[in-house]
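Thanks for coming. I have one model to go through today, and I will take the sheets, then the helices, then the charged pairs.

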Amino acid sequence: MHHDANHLPAGFRALLGDRRWAALVGSGVRRNHRAGEYLLRQNDRGGHLFALISGRVKVLAGLDGSQVLLSLRGAGDLVGEMAARGNSRRMASVQALDACTSCVLKRAEFDRFLHDHGAHGLLSDYLVGKLSETVPYQVQQFHFGPLQRVARLCFEVHSLADARQPDRARIPFSQEALAQALGMARSTVAEQIAVLRSSGALGPGPRLVVDDERALAAQAGAVPPS
């Protein structure tokens, strides 16, 4: 799930290249999303997908009102691509972490783009890549201790931030939202946040703000930024 913080094109955009990405986002309807807005909801009917132009989203799924984080997506990624056909149902919900801009494409428009630009193989590569990111991530989340799980999520969210964002260091999660996303008790999350603050990885204050990215990477067991 990690994207390099050097802000080179990522996701499907990186596979397509700038020219074909511009053609893709020119094929649909541009839409802005507020932070916290749901782009998709689990069990809704499919029929369209989103190409994420800017911002970050979280992918959630669950039962009986509780939702667990499955993955994060950022600029250059597709969202809703697994249930883009009209007779399928969404397997997960997608919620904006920041103010986002996307391009909404109906399945027919997306299929036409893939055909016209010879991009079916690239879509297959993208889907395989996303699956290969998601499965190890879920396994890691199961085996990691509470501190590493909290640190890893903060690190991944931070890594997806656009360098041009003035508040790039802020993690747009409350402690309650972190607890829900990770399936942990809020008190446990609060204890791990205190450890991360005492280590210097996170700064003080009511909000979650990354103060030392290398220290956070160390706590997350992730590759530190170059």
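Strands β3 and β8 run antiparallel and are joined by 6 bridges. One residue pair from that ladder: Leu-49 has Leu-105 in β8 as its bridge partner. Before going on, a word on the source: this is a predicted model, where local features need pLDDT of at least 70 and side-chain atom pairs count only at pLDDT 80 or more, while totals for chains, interfaces and linings use all residues. Residues are numbered from 1 along each chain as its sequence is written, and side-chain values use heavy atoms, with hydrogens and water left out.

The terms for this part are as follows. Strands are DSSP runs of E with at least two residues, helices are runs of H or I with at least four, and both are numbered from the N terminus. Two strands count as paired if DSSP finds at least two bridges between them.

Which strands make up the sheet that holds β3 and β8, and in what order? There are 4 strands in an open, antiparallel sheet, ordered β1-β8-β3-β6. The edges are β1 (29–33) and β6 (78–79); each has a single partner strand, so one side of each is left without a neighbour in the sheet. Helix α2, residues 18–25, packs on this sheet and touches β1, β3, β6 and β8. The direction of α2 makes about 125 degrees with that of β3. For such angles, axes are lines fitted to C-alpha atoms, for helices over the stretch in contact, and the angle between N-to-C directions runs from 0 to 180 degrees. Contact means heavy atoms within 4.5 Å.

Helix α3 (residues 107–116) lies across β3, β6 and β8, at about 85 degrees to β8. As for the remaining pairings, β1 and β8 are antiparallel with 5 bridges, and Val-29 is partnered there by Val-104 of β8. Between β3 and β6, also antiparallel, there are 2 bridges; Phe-50 has Val-79 in β6 as its partner.

Next, the other sheet. Here 4 strands form an open sheet with antiparallel pairing, in the order β2-β7-β4-β5. The edge strands are β2 and β5, each with a single partner, so each has one side without a neighbour in the sheet. On average, neighbouring strands in this sheet are turned by 30 degrees against each other, direction ignored. β4 and β7 pair over 4 bridges in the antiparallel sense, with Leu-60 matched to Ser-93 in β7.

Two loop residues come next. I call a residue buried under 20% relative accessible area, exposed over 50%, and partly exposed in between, using a 1.4 Å probe and protein chains only. Asn-43 sits in the loop between β2 (38–40) and β3. Its phi is near 80 degrees, a positive value in a residue other than glycine. Asn-43 is exposed, at 53% relative accessible area. Gly-65, in the loop between β4 and β5 (68–73), is exposed as well, at 66%.

On to helix α7. The expected span of a helix is 1.5 Å times one less than its number of residues. For the 13 residues of α7 that gives 18 Å, and the end C-alpha atoms are 18 Å apart, which agrees. Which residues of α7 are buried? They are Val-189, Gln-192, Ile-193 and Leu-196. Seen down the axis, the buried residues fall within an arc of 105 degrees, so they line one face of α7; the arc is taken over the directions from the helix axis to the C-beta atoms. These buried residues pack against α5 (146–159), α6 and α8 (213–220). Just after α7, Gly-200 has a positive phi of about 90 degrees.

Last, the charged pairs. A salt bridge here is a side-chain nitrogen of Lys or Arg within 4 Å of a carboxyl oxygen of Asp or Glu. By this rule there are 8. Arg-56 and Asp-98 form one of them, with the closest N and O atoms 2.7 Å apart. Arg-56 is in the loop between β3 (48–54) and β4 (57–61), and Asp-98 in the loop between β7 (93–96) and β8 (100–106), so to state the separation, they are 42 residues apart. Arg-56 is buried at 1% relative accessibility, and Asp-98 is buried at 9%.

Arg-73 and Glu-81 form another salt bridge, with the closest N and O atoms 3.4 Å apart, and both residues are buried. Arg-186 and Glu-176 meet in a salt bridge at 3.5 Å, N to O. Arg-186 lies in α7 (residues 186–198) and Glu-176 in α6 (residues 175–182), so this pair ties together parts 10 residues apart in sequence. Glu-176 is partly exposed, at 42%.
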